[in-house]
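Here is a short briefing on a helix and the strands around it. Take a look at the model before reading on.

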Amino acid sequence: MSAQLDRIEIYAAPSWFHVDQHLVYHWSYISSNGRILADSGQGYSRRIDALHGARRVTGLDLAAQPDSTQDGRHVWQVTR
């Protein structure tokens with residue numbers, strides 16, 4: 001059985017609640033088939049806080065630096 005590569009993505013998006021449209025960070029846990037398994041549901045003011053949230057919810061030991069950056073999204077590859 002081969003390992004499936006899932007990924008955690010952290011990305012910045014404009015805030016819906018602030019008039020000045022400052023950016024907030026969100027994370028998503030995406031399976032190898034493209035389905036979202038979990039997401040932040042809230043915005044974080046700092047990328048590191050979004051990373052801590054992803055670690056807390058998924059239980060994964062994610063490195064401080066991403067494996068890659070794609071279209072402005074920070075991506076960590078994970079195996080399950």
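What should the twelve residues of helix α1 (residues 47-58) span at 1.5 Å a residue, and how far apart are its end C-alpha atoms? The model is predicted. The expected span is 16 Å, because each residue adds 1.5 Å. The end C-alpha atoms lie 17 Å apart, which agrees.

**Helix α1**
- Ala50, Leu51, Gly53 and Ala54 are buried in α1.
- Seen down the axis of α1, the buried residues fall within an arc of 160 degrees, so they line one face of the helix.
- An α-helix has 3.6 residues a turn, so residues three or four places apart point the same way.
- The cover over the buried residues of α1 includes three strands: β1 (5-14), β2 (23-30) and β5 (73-79).
- Gly59 comes just after α1 and takes a positive phi of about 75 degrees.

**Strand β5 and its partners**
- β1 and β5 run antiparallel, joined by six bridges.
- Asp6 stands opposite Val78 in β5.
- Strand β4 (residues 68-70) also runs antiparallel to β5, and three bridges join the pair.
- Ser68 has Val75 in β5 as its bridge partner.

**The β4-β5 hairpin**
- Two residues sit between the strands in the hairpin of β4 and β5.
- In this hairpin, Asp71 takes a positive phi near 55 degrees.

**Points to keep**
- β5 pairs with β1 through six bridges, and β5 is among the strands covering the buried residues of α1.
- Positive phi values appear at Gly59, just after α1, and at Asp71, in the β4 and β5 hairpin.

Definitions and conventions
Residues numbered from 1 in each chain as written. Predicted model: local features only at pLDDT ≥ 70, side-chain atom pairs only at ≥ 80, totals over all residues. Heavy atoms only, no water. Helix = DSSP H or I, 4+ residues; strand = E, 2+ residues; numbered from the N terminus. Expected span 1.5 Å × (residues − 1). Buried < 20%, exposed > 50% of the residue type's maximum accessible area, 1.4 Å probe, protein only. Arc of directions from axis to C-beta. Contact = heavy atoms within 4.5 Å. Pairing = 2+ DSSP bridges.
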